[in-house]
Amino acid sequence: MLRGSRTPVREALLLAAEDLVRLVPERCAQIVPRPGRGTTGLMETRGIVGRYAAEQVMSSGNGARGGAS
């Protein structure tokens, strides 16, 4: 069994689900070439969603806790 954090694996799987990386079995994850406008639009959308999520957390009062309850 390999030891290590699950976070990089989880992130690679999420990026693969969005077709941003290609998973090569038993080797690595490779970045998939994308047309410039498609990548820019995707990053803009992710930024908007991230800001909205942060605003929702802060307005609900859960942002100051710093952890799970």
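Which backbone oxygen does the side chain of Ser-60 reach, and at what distance? The legends below describe close-up views of a predicted model.

**View A. Ser-60 and its contact in helix α2.** Ser-60 belongs to helix α2, which covers residues 36-60. The side chain of Ser-60 reaches the backbone oxygen of Val-57, at 2.8 Å. Ser-60 has a relative accessibility of 45% and therefore counts as partly exposed, since that class lies between the limits of 20% and 50%.

**View B. The pairing of strands β1 and β2.** Strand β1 is formed by residues 21-24 and strand β2 by residues 28-31. The two strands pair in the antiparallel sense, over four bridges. Within this pairing, Val-24 stands opposite Cys-28 of β2.

**View C. Glu-26 in the hairpin loop.** Three residues separate the strands in the hairpin of β1 and β2, and Glu-26 is found in the loop between them. The phi of Glu-26 is positive, near 55°, in a residue other than glycine. Most residues other than glycine have a negative phi. Glu-26 has a relative accessible area of 83%; because exposed means over 50%, Glu-26 is classed as exposed.

**View D. A nonpolar patch on the surface.** The patch is formed by Val-9, Leu-13 and Leu-23. Together, these residues have about 260 Å² of accessible area. Val-9 lies in helix α1, which spans residues 7-17.

Terms used: Residues are numbered from 1 along each chain as its sequence is written. This is a predicted model: local features need pLDDT of at least 70, side-chain atom pairs count only at pLDDT 80 or more; totals for chains, interfaces and linings use all residues. Side-chain values use heavy atoms; hydrogens and water are left out. Patches are made of residues with over 30% relative accessible area and no salt bridge: like charges are joined within 9 Å, nonpolar side chains (Val, Leu, Ile, Met, Phe, Trp, Tyr) within 5 Å. Accessible areas come from the Shrake-Rupley method with a 1.4 Å probe; for residues, only the protein chains shown count as cover. A salt bridge is a side-chain nitrogen of Lys or Arg within 4 Å of a carboxyl oxygen of Asp or Glu. Two strands pair if DSSP finds at least two bridges between them. Buried means under 20% relative accessible area, exposed over 50%, partly exposed in between (1.4 Å probe, protein chains only). A polar contact is a pair of N or O atoms within 3.5 Å; within protein, one must be able to donate a hydrogen and the other to accept it, and residues adjacent in sequence count only if both atoms are side-chain atoms.
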